[in-house]
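Please take a moment to look over the model below, and then we can walk through it together.

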Amino acid sequence: KAYSVSGSRPSRLTPSELGRQELYELVPFQAVFGLQKKGREISKAFAEYAAEVDVASTRGLSDVDKTVRQSQASMIILDEMEFDAQ
């Protein structure tokens with residue numbers, strides 16, 4: 001890490017971290033309404049589709065077992081996507 005002075009405060013940031021900090025300080029933030037909801041809907045649709053593919057590729061399950069497996073797989077995929085996003 002490198003030392004840098006931004007204004008009157010010294011900091012230990014890498015050049016990319018310093019650039020990111022300056023970007024967020026200098027560029028005003030504008031919210032795009034509905035974007036987070038749309039992102040969640042897309043993630044949910046992807047997880048449901050992936051769970052359907054998983055259930056379809058598994059043989060020998062009853063209808064109840066397929067429903068349970070699909071629900072569990074969808075929740076696991078959503079959890080993994082949220083974890084990866086952080």
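How many salt bridges does the count come to? Let us start there, keeping in mind that this is a predicted model. The count comes to one salt bridge, and its partners are the side chains of Asp54 and Arg69, with 2.9 Å from N to O. Asp54 sits in helix α2, which spans residues 35–56, while Arg69 belongs to helix α3, covering residues 63–85, so the bridge ties together parts of the chain that are 15 residues apart in sequence. What about their place relative to the surface? Asp54 has a relative accessibility of 27% and therefore counts as partly exposed. Arg69, with a relative accessible area of 34%, is partly exposed too.

Now step back to the overall layout. The chain contains three helices and two strands. If you follow the sequence from its start, the order of these elements reads β-β-α-α-α. Helices α2 and α3, which you have just met through the salt bridge, each contribute one partner to that pair.

Next, stay with helix α3 and look for Ser74, which is found there. Is Ser74 buried or exposed? Its relative accessibility is 11%, and because buried means under 20%, Ser74 counts as buried. Setting aside neighbours within four places in sequence, you will find Ser74 in contact with Ala47, Glu48 and Ala51. Another residue to pick out in this region is Tyr49: Ser74 and Tyr49 are 25 residues apart in sequence, and their C-alpha atoms are 8.3 Å apart in space.

Further along, Asp84 also lies in helix α3, but its setting is another matter. At 63% relative accessibility, Asp84 counts as exposed, because the cut-off for that class is over 50%. Which residues join Asp84 in a negative surface patch? The patch is formed by Asp79, Glu80 and Glu82 together with Asp84.

Finally, a few totals help to place these details in the whole chain. Of the 86 residues in the chain, 12% are buried, and Ser74 is one of the residues that count as buried. The accessible surface of the chain comes to about 7,500 Å², and carbon and sulfur atoms account for 58% of that area. As for contacts between residues at least 6 apart in sequence, 30% of them join residues at least 24 apart.

Conventions
Residues are numbered from 1 along each chain as its sequence is written. This is a predicted model: local features need pLDDT of at least 70, side-chain atom pairs count only at pLDDT 80 or more; totals for chains, interfaces and linings use all residues. Side-chain values use heavy atoms; hydrogens and water are left out. Helices (H or I, at least four residues) and strands (E, at least two) are DSSP runs, numbered from the N terminus. Buried means under 20% relative accessible area, exposed over 50%, partly exposed in between (1.4 Å probe, protein chains only). Contact means heavy atoms within 4.5 Å. Accessible areas come from the Shrake-Rupley method with a 1.4 Å probe; for residues, only the protein chains shown count as cover. A salt bridge is a side-chain nitrogen of Lys or Arg within 4 Å of a carboxyl oxygen of Asp or Glu. Patches are made of residues with over 30% relative accessible area and no salt bridge: like charges are joined within 9 Å, nonpolar side chains (Val, Leu, Ile, Met, Phe, Trp, Tyr) within 5 Å. Lys and Arg count as positive and Asp and Glu as negative; His and the chain ends are not counted. The place of a charge is taken as NZ of Lys, CZ of Arg, CG of Asp or CD of Glu.
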